[in-house]
Amino acid sequence: MSQIDYCVKPGGQLSGTFRVPGDKSISHRSIMFGSIADGTTHVTGFLQGQDSLNTLRAFRAMGVEIDGPNANGEVTIHGVGIDGLKPPAAPIDLGNSGTSIRLMSGLLAGQAFDVELSGDRSLSKRPMKRVTDPLALMGANIDTAEGGKPPLKVNGGSKMQGIDYLMPMASAQVKSCILLAGMYAQGKTCVTEPATTRDHTERMLNAFGYKVDTKGKQMCLEGGGRLTACDIDVPSDISSAAFFLVGGSIAENSDITLEHVGVNPTRTGVIDILKLMGANIQLLNERLVGGEPVADIRVRSAQLKGINVPQELVPLAIDEFPVLFVAAACAEGQTVITGAEELRVKESDRIQVMADGLQAIGVDATPTDDGMIINGGVIKGGKVHSRDDHRIAMAFTMAALRAEKDVVIEDCENVNTSFPDFIGLANRAGISIAIAS
Ligand code: S3P
């Protein structure tokens, strides 16, 4: 396959009303829970990105009949029940998707059969001990490659026991993995997180009739329950909307509305941080859709100012830092981000890769162990590399809105993992992206 590079023209203003694709976290979970539920689950707004499609293909490979997605993102999952998954004929390739491999390792740890889970170059470098350690405490038998990296060989037939686990890092993937394993364990499983992270697993398990008790930062469930099929309306992904929240803030004379965006309070750190920086963002039409808060979000240009990002907002905006670094580069004064060391183990090392890229386009950015110091100023333009990371590619696309010259972003095929037709939507909104391959 030939490499796709973006060549983004400098400047532009954003306007119009758009709907960005469905939420990635909710799309993954809809397939996983629908597959092991009793009955038929209908999903609308499903994200047709490579990551969530990899989850869909994985459950098909384990014997689940899944219709769609059709052009409208409708998926029908014919659930096989909690113990109905079948051994796949071959190892399962989960591509770039950390959520798939970490959640599935928990869900599959207590099955009767063996499964091998693997991924692409980026996923193969990511740490899995954070899930295999607690799963081993529960009785799971999982082999990893050297250094606790994928592929994961999940050996079936383990007798799983509930645990009470204090998580060493704030991670919704680890929390979800343990809760999913807990459904197949004897007794009660509790997990306590050091800081609040996205709670889609808890909300969706409850929607499927599997009770999860949340008390502050502790979540518990009893093993041996069942899930009952339900309908899921997937809202637009705030992590995809975030590129346009920043774009609409930093581009001159912009006024853009993003419809039907998920605004679950465990995900809205990006809005809080941008508002602290002086952004002009309004939530309109706030409503509840299938247990998840949803709103239309209007954003207009604003002169941003540098801030010290409050650490408690970091896990609530964890996927949005690449584009928040771009916002900081366009702000007046200095922005300091701390407590964000988890960024180093995402699809790329997002601290190093963003600092390298920002410096390459003329921004004063200094990486630190757990964050970055950015002095706002002129963005000159130039060439950067996405380093196998969709959010790096899209963040630098937004940087062009304030650049003096073209921004060329190398190797952007990965944008399809989370945001199909990003180029189409961005061009309609007022960004000028050409493909150079
Ligand atoms: C996700 C959790 C986060 C996030 C990822 C999706 C999820 O990862 O970065 O994009 O769906 O649970 P961590 O749990 O590693 O923070």
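These notebook entries record what I looked up about the ligand site and the aromatic pairs of a predicted model.

**Entry 1: the ligand shell.** I listed the residues around the ligand and found Lys 24, Ser 25, Arg 29, Thr 99, Arg 102, Ser 171, Ala 172, Gln 173, Arg 198, Ile 318, Asp 319 and Lys 346. By class, I noted six charged, four polar and two nonpolar residues in this shell.

**Entry 2: polar contacts.** I then looked up N and O atoms that lie by oxygen atoms of the ligand. For Ser 25, a side-chain N or O atom is 2.7 Å from a ligand oxygen. For Arg 29, a polar atom of the side chain also lies 2.7 Å from an oxygen atom of the ligand. Gln 173 contributes through its backbone, with an N or O atom 2.8 Å from a ligand oxygen. I next checked the burial of the ligand: of the 390 Å² that it exposes when taken alone, the protein buries 96%.

**Entry 3: the pocket and its elements.** I recorded that the ligand takes up the space of the largest pocket. The elements giving two or more residues to the shell are α1 (24-35), α3 (98-109) and α5 (172-183). Of these, α1 supplies the largest share, three residues.

**Entry 4: aromatic pairs.** I searched the whole structure and obtained six aromatic pairs. I examined Tyr 6 and Phe 422: their ring centres are 6.3 Å apart and their planes are at 15°, under the 30 degrees required, so I entered the pair as stacked. Because Tyr 6 belongs to strand β1 (residues 5-8) and Phe 422 to helix α12 (residues 422-429), the pair ties together parts 416 residues apart in sequence.

Methods. Residues are numbered from 1 along each chain as its sequence is written. This is a predicted model: local features need pLDDT of at least 70, side-chain atom pairs count only at pLDDT 80 or more; totals for chains, interfaces and linings use all residues. Side-chain values use heavy atoms; hydrogens and water are left out. A residue is near a molecule or strand if one of its heavy atoms lies within 4 Å of it. A polar contact is a pair of N or O atoms within 3.5 Å; within protein, one must be able to donate a hydrogen and the other to accept it, and residues adjacent in sequence count only if both atoms are side-chain atoms. Accessible areas come from the Shrake-Rupley method with a 1.4 Å probe; for residues, only the protein chains shown count as cover. On a 1 Å grid over the protein atoms alone, a cavity is a set of points where a 1.4 Å probe fits but cannot get out, and a pocket is an open set with protein on both sides within 12 Å along at least five of seven lines; lining residues have an atom within 4 Å of a point. A molecule sits in a cavity or pocket if more than half of its atoms lie within 2 Å of its grid points. Helices (H or I, at least four residues) and strands (E, at least two) are DSSP runs, numbered from the N terminus. Ala, Val, Leu, Ile, Met, Phe, Trp, Tyr, Cys and Pro count as nonpolar, Asp, Glu, Lys and Arg as charged, and the others, Gly among them, as polar. Rings of Phe, Tyr and Trp (its six-membered ring) pair if their centres lie within 6.5 Å; planes under 30 degrees apart count as stacked, over 60 as edge-to-face and the rest as tilted.
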